[in-house]
Amino acid sequence: MISDNLENILSELPSGVKLVAVSKFHPLGELLEAYAMGQRCFGENRPQEFAFKAVQMPQDVEWHFIGHLQTNKLKLVLPYAYIVESIDSIRLLEAVNAWGERKNKVINVLLEVHIGVEDTKQGFAPEEVLDLLEGENTYPYVTFCGLMGMASHTDDEQRIGEDFARIKTLFDTCRERFPRLRDFTQLSIGMSEDWRIAILHGSTEVRIGTAIFGPRQY
């Protein structure tokens, strides 16, 4: 089933759009099935599970951390992460930069944008993103690679499209205003339920879990 699901999704993805297989709550055997199909990019959102899988899976996996990251859990994530997509506060950004300085390692990050109506979502408001990037030299051990965001939790496809359009507009504004950020090329929007809408609004990366692996296993 996993191989069929993966093949079907990849057949629809436009060239240049990366698939992050969100493997949270799924056992290693299922990740290895996707790996055998050629999938190399996986996303996790719990630090302990991330660290466990990172050392168990083949070393050429590109690991994306996509969940809320507490500053006391950096040691579980940053040694293995290709990128942290969920930088949602200045405090976390400062902690990641400080960890990078101690380890002499530059960390790739995406800034998480809060666009939807839910108050429970973390992330920066658009104006906060622009202010932060204005002072990006403050974080020499961080590479700003783009934005990550989620649409409102709704069945209204028009509303979902509007949310993605707002994130894409912010992404374009950042690229125009800060051309010195040469690595600022990634727009991570779209999940299992709405990735096709995200593609229409310029997504360069989709994060798909359930549509590949099925319901959570634990």
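This passage describes the aromatic pairs, the nonpolar core and the salt bridges of the structure shown above. The model is a predicted one.

It is convenient to begin with the aromatic rings. Under the pairing rule, five aromatic pairs are found. In one of them, the ring centres of Phe-50 and Trp-63 are 5.8 Å apart and the planes meet at 65°, so this pair is classed as edge-to-face, the threshold for that class being an angle over 60 degrees. Phe-50 belongs to helix α3 (residues 47-56) and Trp-63 to strand β3 (residues 62-65), so the contact between the rings ties together parts that are 13 residues apart in sequence. Both partners are shielded: Phe-50 has a relative accessibility of 0% and therefore counts as buried, and Trp-63, at 3%, counts as buried too. A further edge-to-face pair is formed by Tyr-139 and Phe-144, with 6.2 Å from centre to centre and 80° between the planes. Tyr-139 and Phe-144 are both buried.

The rings also join up beyond single pairs. Phe-42, Phe-50, Trp-63 and Phe-65 are linked by ring pairs into a cluster. Elsewhere, a ring has a charged neighbour: Arg-40 lies over the face of Tyr-35, at 3.5 Å from the ring centre.

Some of these aromatic residues return in the nonpolar core. As background, nonpolar side chains in soluble globular proteins tend to be buried together. Here the largest nonpolar core contains 62 residues, and the members touching the most other members are Phe-42, Leu-133 and Phe-144. Helix α7 (residues 157-177) supplies the largest share of this core, with six residues. Which residues are in contact with Phe-144, leaving aside its neighbours within four places in sequence? The list consists of Leu-93, Val-109, Leu-111, Leu-132, Leu-133, Glu-136, Tyr-139, Asp-183 and Phe-184. Among them are Tyr-139, the ring partner already met, and Glu-136, whose side chain takes part in a salt bridge.

That brings the charged side chains into view. In general, side chains of opposite charge can pair when their charged atoms come close. Nine salt bridges are found in a search of the whole structure. One of them joins the side chains of Glu-49 and Lys-53, at 2.6 Å from N to O. These two residues are both in helix α3, four residues apart, or about one turn of the helix. Glu-49 counts as buried because its relative accessibility is 6%, and Lys-53 counts as buried at 1%.

The bridge between Glu-136 and Arg-180, at 3.0 Å from N to O, has a longer reach along the chain. Glu-136 sits in the loop between α6 (126-134) and β6 (142-149), while Arg-180 sits in the loop between α7 and β7 (186-188), so distant parts of the chain, 44 residues apart, are linked. Glu-136 is buried, with a relative accessible area of 13%, whereas Arg-180, at 43%, is partly exposed.

Helix α7 has a salt bridge as well, between Arg-159 and Asp-163, whose closest N and O atoms are 3.1 Å apart. Arg-159 and Asp-163 are four residues apart in this helix, so about one helical turn separates them. Arg-159 is partly exposed, with a relative accessible area of 27%, while Asp-163 is buried at 1%. Finally, salt bridges with shared partners connect Glu-44, Arg-46, Glu-49 and Lys-53 into one network.

Definitions and conventions. Residues are numbered from 1 along each chain as its sequence is written. This is a predicted model: local features need pLDDT of at least 70, side-chain atom pairs count only at pLDDT 80 or more; totals for chains, interfaces and linings use all residues. Side-chain values use heavy atoms; hydrogens and water are left out. Rings of Phe, Tyr and Trp (its six-membered ring) pair if their centres lie within 6.5 Å; planes under 30 degrees apart count as stacked, over 60 as edge-to-face and the rest as tilted. Buried means under 20% relative accessible area, exposed over 50%, partly exposed in between (1.4 Å probe, protein chains only). A charge sits over a ring if NZ of Lys or CZ of Arg is within 6 Å of the ring centre and within 35 degrees of the ring normal. A nonpolar core is a set of buried Ala, Val, Leu, Ile, Met, Phe, Trp, Tyr and Cys residues joined through side-chain atoms within 4.5 Å. Contact means heavy atoms within 4.5 Å. A salt bridge is a side-chain nitrogen of Lys or Arg within 4 Å of a carboxyl oxygen of Asp or Glu.
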